[in-house]
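Student: Could we go through this model together? I'd like to know what stands behind the labels.

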Amino acid sequence: MKPLARALLVCALALLGAAPLPAQALAEFNVRDYGATGNGSTNDDDAIDRAINAASAAPGGTVVFPSGRYRARTIHLKSNVTLRLDSGATLLAASSGMDAAESNPNDDYQDYGHSHFHNSLMWGSGITDFHITGTGTIDGDGNLITGNPSSGQADKALTLTECSNISIEGVTFRRGGHFAALINGCHDITIDNLKTIHSSSGVRDGINLINSWNVTVTNSRIEASDDALVFKSDYALGHTYTSQNVRVRDTTVYSHENNALQFGSETCGSFRDFRFENITVLGAGKAGIGIVSMDGAIIEDIHYDNVTLTKTTSPFFFKIGERKRCPGSPPAGRIRNITISDVTGTDLTAPVVTGTVGASDYTSTLTGTPSVDLGPGITFRNVDLTVPGGHPASEASRVPGEFLTTYPPRDYGARPSYGYWIRHAAGITLNGETRFDDNDNRPYVIADDASDVQVNGVVAQRGSGSAYDVGFSGVTGYAVRDSANTSGDALRVRATNSTPVPGTPESLYAEAEAGTVTAPMQVAADTAASGGSYVTVAAGNNSKSSAPSTGWTTIPFTVEHDGRFAVWARVIAANDGDDSFWVRSGTGSWTNWNSVPIGTSWHWAKLPVTYDLAAGARTITFAYREDGARLDRVAISSDPAFNPTGTPRS
């Protein structure tokens with residue numbers, strides 16, 4: 001039924017007092033009813049726009065693309081619309097007539113492709129409740145440019161800016177141009193069962209999530225020539241948002257020439273609270289897992305669990321740089337509190353060696369700057385790698401340059417160690433097994449200009465001509481424990497101008513809401529809080545003279561070694577009438593923690609108490625005292641140099 005006929009029928013039924021057509025029938029808007037041909041040559045974008053306008057006005061309508069090939073110039077997206085590409089439906093980019101790139105006064109802070117949004121096959125700005133679903137395909141058809149487009153050309157398949165309640169499910173992107181999907185400043189995003197297809201031409205980046213939060217990516221396969229699944233924070237919008245609360249699960253990623261899972265390089269705003277689980281990396285011409293802070297960003301609370309790496313040039317590449325390509329030329333940022341658990345890596349060479357990627361393999365690299373350490377809290381647990389090997393002992397004496405303004409792994413050349421190369425770092429822990437395919441006479445790990453570097457429970461293969469297994473140079477606090485080579489012999493340590501760890505310090509974190517919370521204490525939501533939640537007491541409850549009999553959060557910690565532990569808490573205390581808690585260890589005496597440092601945003605504060613804790617399961621309990629104080633995250637540490645804010649070294 002044509003749209004006009006349908007509308008007349010509804011009016012007639014209403015005048016006769018009859019029931020209108022079912023709501024679901026009214027909610028579907030077939031693009032062919034609005035003039036689309038689906039013949040692959042006629043430009044159907046005007047018809048598609050008409051269908052989108054009708055669906056948005058419904059509101060909440062579904063724009064249906066039945067089987068066919070729909071050639072289109074720029075399509076203009078609106079709120080309260082679902083695009084459904086049925087089986088056999090392909091949306092094809094036209095070769096000309098695309099919307100012109102809008103002007104942007106912030107061009108200088110990022111590449112051209114990041115700075116302009118309208119020159120896309122589809123774009124929407126400020127829209128909400130927008131969805132793409134179905135089993136069809138969105139294909140640039142070789143017409144989306146991978147460089148800077150000329151007049152009438154586009155370089156992106158899908159662009160969304162400052163949008164909310166977005167989902168992309170089931171569809172396939174091919175030949176997406178510079179970006180298959182560029183999503184900037186958006187929140188509450190669901191990506192499921194999405195496919196982006198790598199091809200020999202017409203594709204660069206897969207999915208770019210920029211300045212975005214509350215994101216879930218599941219059950220997808222994301223391939224690209226350049227970066228595949230990448231998280232960035234540029235200044236194209238004239239401001240940034242904190243990228244946070246991002247979950248990526250059960251997903252396969254492949255980059256033909258660059259990074260598979262990547263933070264950066266555009267890093268004006270900060271990133272926190274990311275979780276990657278059950279990830280398969282099939283290839284990466286640069287890094288399998290890459291984190292770079294080049295423009296001042298703080299990147300923290302990032303966790304990878306159950307990852308398989310193959311055909312990756314560099315398994316891990318973490319770097320702090322000083323490119324400063326953001327307003328105000330910000331100083332170096334931070335990368336801290338990163339855990340990598342249960343990772344297996346084999347066949348760790350580049351998918352293809354071309355002039356754009358350099359050598360076929362590079363050692364995993366963790367490096368800060370001469371003035372700002374990478375870390376603390378960088379932990380590798382059960383990470384088993386088989387690297388290519390084949391390097392001579394002479395490379396163990398190499399001292400790569402700093403390269404503070406660039407970020408490709410190839411810049412450093414061959415590293416002096418085969419397993420991990422660490423420089424300008426603090427709080428690094430390595431655990432797992434590292435072997436090589438061909439004899440490698442470099443040491444397993446070298447750490448230079450660092451502090452608190454611990455090799456715990458490691459198995460590392462030894463080259464037939466290697467002089468030592470683990471090297472420390474200018475390291476304050478190193479340890480090699482419960483570690484051996486593949487023959488069971490203790491690892492050989494070479495330490496120069498370095499000191500071992502005194503005792504066995506450890507630092508542990510926990511969320512306040514993860515403890516046992518009893519009323520009137522309660523869990524509340526805040527996107528700025530770690531994990532999105534915090535603990536506070538219901539208004540009107542105060543217990544200033546003594547600790548209450550209920551109204552606690554009891555937070556568990558598993559302590560591995562005896563020690564004296566200091567305690568920190570991430571808090572908000574808005575004024576001096578709402579700035580206190582009661583706190584105790586186990587069932588010990590309560591301490592009145594009064595005069596918590598005042599602040600209306602989350603900040604770390606150190607408690608005026610330490611606890612002697614024996615190894616084993618332990619608890620720290622916070623009880624309410626004044627009803628305006630808020631508690632987010634708690635840290636305990638037996639390390640005298642520990643600071644949860646990651647203050648840089650002098």
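Tutor: Sure, definition up front: a salt bridge is a side-chain nitrogen of Lys or Arg within 4 Å of a carboxyl oxygen of Asp or Glu. Asp111, Asp205, Lys232, Glu266 and Arg325 are linked in a network of such bridges. Mind that this is a predicted model, where local features need pLDDT of at least 70, side-chain atom pairs count only at pLDDT 80 or more, and totals for chains, interfaces and linings use all residues. Residues are numbered from 1 along each chain as its sequence is written, and side-chain values use heavy atoms, with hydrogens and water left out.

Student: What makes Asp141 and Arg71 a salt bridge?

Tutor: Their closest N and O atoms are 2.7 Å apart, and the limit is 4 Å, so the pair qualifies. Asp141 lies in the loop between strand 10 and strand 11, Arg71 in strand 4, 70 residues apart.

Student: Why is Arg71 called buried?

Tutor: Buried means under 20% relative accessible area, exposed over 50%, and partly exposed in between (1.4 Å probe, protein chains only). Arg71 has 14%, so it is buried. Asp141 has 23%, so that residue counts as partly exposed.

Student: And how do you know that Arg175 and Asp141 meet in a salt bridge?

Tutor: N to O is 3.4 Å, so this pair also satisfies the 4 Å limit. Arg175 sits in the loop between strand 13 and strand 14.

Student: Why does Asp469 count as buried or exposed?

Tutor: Asp469 has 2% relative accessibility, so it counts as buried. Its salt-bridge partner Arg462 is partly exposed, because its relative accessible area is 25%.

Notes
Helix = DSSP H or I, 4+ residues; strand = E, 2+ residues; numbered from the N terminus.
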